[in-house]
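User: Could you walk me through the reasoning behind some contact labels? I would like to see each value set against its definition.

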Number of protein chains: 2
Amino acid sequence: MLLGVDRIATILRNAREKKSLSQRDLSAVSGVPQSHISKIEKGAVDLRLSSLVELARTLDLEVTLVPRSAVPAVQSIVRSTAQASDGKQTRLALKDLHRLEQTITRNSSVLPLTPKELAEVQQQLRLLSHFPLSEPDRKTIQSAYKTLQTHLSDHKNLNALRQAFAHLKDLRNRVAHRPSTVSGPQPVRPAYTLDEDDDDA
Amino acid sequence: MLLGVDRIATILRNAREKKSLSQRDLSAVSGVPQSHISKIEKGAVDLRLSSLVELARTLDLEVTLVPRSAVPAVQSIVRSTAQASDGKQTRLALKDLHRLEQTITRNSSVLPLTPKELAEVQQQLRLLSHFPLSEPDRKTIQSAYKTLQTHLSDHKNLNALRQAFAHLKDLRNRVAHRPSTVSGPQPVRPAYTLDEDDDDA
DNA sequence: GGTTATTATCTATAAAAGTAGATCGACACT
DNA sequence: AGTGTCGATCTACTTTTATAGATAATAACC
């Protein structure tokens, strides 16, 4: 297979995984059959340009042709955009974590948790704040916050609350074992700093 | 057809034209049949990724996927790379023109030209120096220079010399009618400045 | 007018993508 | 053990690309 075609397949798979989508998820969103996505990502088909454009669009990517002489500069732009995005998501996730922990601490007396369970949840949130987090990670944190708010307002749905805490534990386990370019937890901004310098364009 | 696929077709055609290649030329270099190149450039086929990679490679382009959020920055890089390349080619072309005119002026007494013809050639060279010129344009100028050198050394091949001057006239006619983003001859660097700040990486 | 070059269009054929599923092995969870 | 999810592989069929030319329309040149 041509050099370049393999790279495209790798970029597609990485982008899908970065969005925490399975092949079946991507199939549902893009309309391309899961079995075909599997072949595409393995480089087992020489896909059509329109199919590439469609999948790329679903993954917030754009197919383009750049002069060979501009490739290093373009790769640098792409890398720094990814890093900026990662940094931004991590900073936003820190805010989400802070909000969640404050709400838990403020309402600890009325939450259906033993002191041991409470300490464990707080420990998990503190640990999470030391890892780079992604947009899908943030969704898990936000979902737990919403479930907590709902519980605090109607004192119902204990199972949902327990499930939300379980998902947080899952998240902590996943990010702790996530492959990383550096060993151990990465230095991120000090936990729980709050600033408003982020724009969502 | 999907937005994006049309753009790719347009980029391919523009890149081919920028290199002064015909569809037959590109076919010979790339191995893709001319009739198929015609369909591709018209957007009449949904070509395979491997075919796109192959054509792009022949045109010194690389197929890549960039995050949608990075597209404006990437387009800016591509534009400035093209401008730098254009500017560089134009500056190098000025040198070629200068060298050619000096050689003609220095040897005007032994060239088989009437005073009127000589003045016309010099006029054409001066006019050319006011236009943005491309790499293929430079090849025409360099070819004329070589033919002139050959003639000066063996005093033969009058037809080739006349043909070389004719090609220069053709070039002058083409660039004078070339579509441009601004009206009239574009301001380029002052004619015949000589500096050695160009690197060919 | 004749010739040449370029791009577009046509025919016929072979190969492969794309589709629609089903199914399998591996893994995780209850 | 049973169940669900994931990615990979399989079957069968339809549609399209890619190829190899040939040819036509247009434009430019002599």
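Analyst: Happy to; here are the labels for the protein and its DNA. This is a predicted model, in which local features need pLDDT of at least 70 and side-chain atom pairs count only at pLDDT 80 or more, while totals for chains, interfaces and linings use all residues. Residues are numbered from 1 along each chain as its sequence is written, chains are lettered from A and ligands numbered from 1 in the order in which they are written, and side-chain values use heavy atoms, with hydrogens and water left out.

User: What makes a residue near DNA strand C?

Analyst: One of its heavy atoms must lie within 4 Å of the strand. For DNA strand C, 18 residues surround it, with A:His36, A:Arg48, A:Ser51, B:Gln23 and B:Arg24 the closest. Sugar and phosphate make up 59% of the strand's atoms within 4 Å of the protein.

User: Why is the pair between A:Ser51 and a phosphate oxygen of DNA strand C called a polar contact?

Analyst: A polar contact is a pair of N or O atoms within 3.5 Å (within protein, one must be able to donate a hydrogen and the other to accept it, and residues adjacent in sequence count only if both atoms are side-chain atoms). The polar side-chain atom of A:Ser51 is 2.7 Å from that oxygen, so the pair qualifies.

User: Which base contact can you show for DNA strand D?

Analyst: A polar side-chain atom of A:Arg24 sits 2.9 Å from a base oxygen of DNA strand D, so this pair meets the cut-off too.
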